[in-house]
Amino acid sequence: MIIAVGSGKGGTGKTTVATSLALSLEAGDPGSAGWGEGPGHLLFLDCDVEVPNAALFLKPVLDESETVGLPIPEVDLGACTFCGRCAEVCVWHAITVVGERVLVFPELCHGCGSCTLNCPEAAIREVDSVIGKVESGRAGRIVFGQGILDVGQPMAVPVIRRLKEKHLGGLTDGVAVLDAPSGTSCPFVETLRGVDYVLLVTEPTPFGLHDLRLAVEVARDELALPVGVVVNRDGVGNAAVDDYCRGEGIPVLLRIPLDRRIAEGLSEGHPLVGVLPEYIALFRGLLRRISAEVAR
Amino acid sequence: MRQLVLLSGKGGTGKTSITAAIAHLASVQASVVLADADVDGANLELVLDPRLTESHPFMGGQVAVIDPLRCTQCGLCEGVCRFSAVLSAADGYRVDPSACEGCAACVYQCPDDAIQMVPQQAGLWFRSETRFGPLLHARLFAGRENSGKLVTAVREQSRRVTLETGRNLVIIDGPPGIGCPTIAASTGVDLALLVAEPTASGIHDLRRTLAMVEHFRVPALVLVNKADINPRQASVIAAFCRERGLDLVGEIPYDTVVTRAMVSGQPVTMHEPEGVVSAALRAVWEKVRDRLASAAPAGMGE
């Protein structure tokens with residue numbers, strides 16, 4: 001079962017919930033619960049590749065790193081006739097022909113291969129241009145993976161795609177928790193693709209509600225995925241998030257109160273269930289409810 | 001014309017609340033235009049009480065559409081698509097629009113001319129009037145791509161409106177993260193105000209955001225929000241700023257008045273002008289203003 005933890009609005013506690021959910025499952029009795037047994041049975045992926053923070057809380061030992069590249073065209077000027085066909089077919093304007101020169105702009109290239117396929121002289125080959133990396137390791141019994149976008153690179157999606165391919169490819173049972181990026185555009189969609197359940201973390205404020213609605217539009221309405229809500233910093237703001245969830249029939253699965261102890265613990269890199277261990281049982285209950293929803 | 005962008009890397013550090021307060025304070029002394037560059041979580045309008053005056057469609061990229069009447073089911077399109085967007089079913093091939101990158105590689109490979117690229121409306125951009133000045137904002141439709149392109153559209157419009165109305169300062173509320181939309185919000189601005197949080201995540205993301213703005217040669221100032229949540233981490237940020245030669249322009253205490261102001265739909269500096277948060281923000285604005293006045297104009301600023 002793959003659970004993505006998202007929010008729309010940033011800073012609502014996605015990483016707090018995702019890391020504590022994984023740690024709560026790890027803390028349990030693996031035999032009776034059926035997770036956390038061999039490698040791959042409890043997996044955590046930080047898909048927030050622009051600003052990945054989960055490692056600060058899970059403190060994994062990372063023993064594997066691979067670069068993520070996009071295939072960028074390289075033109076053999078000996079074979080090129082400067083016909084300009086490559087520039088004509090490139091919708092990103094990432095390749096252009098100026099006189100007897102061909103200019104490639106790697107930061108605009110999406111790696112689609114259209115220029116290579118359309119070159120009448122077969123003068124283009126592709127070389128990987130590094131845009132980020134995928135790091136993997138373990139945090140206790142949790143198999144951990146994170147994507148990291150290189151600074152200055154615009155495209156997060158290929159890094160997320162590679163992270164998911166690498167770790168979710170062989171997953172047949174167990175639980176995978178995906179920490180999604182904030183926002184509701186392409187990196188969020190890429191993270192949600194193929195998951196079984198979307199847990200949306202919000203705060204009961206006008207900003208939280210506004211962005212929760214957008215996240216529900218993507219997860220439930222566009223991608224047809226089941227969604228549930230965690231209300232974080234419960235007690236701050238107003239009741240509009242509850243009214244919205246009731247009206248939409250979206251279950252509120254957990255409430256985490258506004259509590260200075262939690263905020264201070266998180267600020268030092270302590271996970272929520274490290275600060276308040278009584279939440280372990282609550283997160284395990286949360287997983288049972290999600291499992292029941294997914295089974296339906 | 002000067003352009004100021006507020007960034008944070010990490011979400012939820014208070015960027016939008018601080019943008020609204022700065023917009024309020026700046027509008028007293030300068031003539032401002034506001035731009036909400038967080039197009040897939042546009043919240044600035046919620047605290048500016050805007051009156052919508054213009055709404056325009058935003059055309060994002062294109063997606064491939066297969067004509068089932070012309071398709072001979074050869075499967076070449078599926079073979080060339082690197083984004084797994086071509087789906088094969090018993091009744092033929094079709095394109096998953098949410099996966100299609102819009103590259104058109106399949107169009108050129110199709111021997112039957114059965115594939116067309118169809119432009120997609122990916123969102124809307126708006127102009128509104130607020131009591132502090134015109135606001136340019138946008139809405140990206142659920143799950144669409146090209147948020148960076150929409151940010152660029154919002155910025156182009158904000159520059160146009162600034163020139164047309166003879167105003168002199170654009171204040172941009174940036175998106176979280178450091179990728180495509182954040183880069184689009186930051187390139188060519190005169191100054192970035194980085195809103196940091198004194199937490200392990202906040203410091204990690206401040207470093208990445210700073211590296212991004214330095215990569216694009218944008219000068220930066222740092223502000224610590226919710227500073228008293230963890231004074232030790234706040235001093236780590238202060239030491240980091242000293243080490244890197246960055247101006248730390250203020251420390252704002254954590255106060256639920258910021259949330260109460262948001263619920264009331266106002267900048268905190270209007271909601272509780274005499275409070276400690278508002279006083280701290282006024283001091284921040286003065287430093288930002290002085291820095292903007294002394295900054296050499298950026299390449300795209302004029």
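This passage describes the predicted model of chains A and B, moving from a sheet in chain A to one residue within that sheet, and then to chain B and the contact between the chains.

A good place to begin is the open sheet of chain A, which is built from 9 strands with mixed pairing. Read across, the strands follow the order E3-E6-E7-E2-E8-E1-E9-E10-E11. The edges are taken by strand E3 (61-75) and strand E11 (252-257) of chain A. Each of these edge strands has a single partner strand, so one side of each is left without a neighbour in the sheet. On average, neighbouring strands of this sheet are turned by 20° against each other, with direction ignored. Helix H8 of chain A packs on the sheet, where it touches strand E1 (2-6), strand E9 (197-202) and strand E10 (227-234) of chain A. The direction of H8(A) makes about 170° with that of E9(A).

Further along the strand order, E2(A) sits between E7 and E8. E2(A) and strand E8 (residues 175-179) of chain A are joined by 5 bridges, and the two strands pair in the parallel sense. Within this pair, A:Asp46 stands opposite A:Asp179 in E8(A).

A closer look at E2(A) brings up A:Leu45, which belongs to this strand (residues 42-46). A:Leu45 counts as buried because it has 30 C-beta neighbours inside 10 Å, where 20 or more are required. Leaving aside residues up to four places away in sequence, A:Leu45 touches A:Gly145, A:Leu163, A:Lys164, A:His167, A:Ala176 and A:Leu178. A:Leu45 and A:Ile160 are 115 residues apart along the chain, yet their C-alpha atoms are separated by 9.4 Å.

Turning to chain B, its 302 residues include 56% that count as buried. The secondary structure of chain B consists of 10 helices and 11 strands, and its C-alpha atoms fill a box of roughly 70 × 40 × 40 Å along the principal axes. Among the contacts in chain B with a separation of 6 or more, 77% come from residues 24 or more positions apart.

Finally, the two chains meet through 51 residues of chain A in contact with 51 residues of chain B. On the chain A side, at least two residues each come from helix H5 (114-118), helix H7 (186-192), helix H8 (206-222) and helix H10 (260-267). H8(A) gives the most to this side, with 9 residues. By class, the side of chain A that touches chain B has 21 nonpolar, 22 polar and 8 charged residues. H8(A) thus appears twice in this account, packing on the sheet of chain A and contributing to the side that touches chain B.

Note on methods:
Residues numbered from 1 in each chain as written. Chains lettered and ligands numbered in written order. Predicted model: local features only at pLDDT ≥ 70, side-chain atom pairs only at ≥ 80, totals over all residues. Helix = DSSP H or I, 4+ residues; strand = E, 2+ residues; numbered from the N terminus. Buried ≥ 20, exposed ≤ 12 C-beta atoms within 10 Å, placed from the backbone. Contact = placed C-beta atoms within 7 Å. Nonpolar A, V, L, I, M, F, W, Y, C, P; charged D, E, K, R; others polar. Pairing = 2+ DSSP bridges. Axes fitted to C-alpha atoms, helices over the stretch in contact; angles between N-to-C directions.
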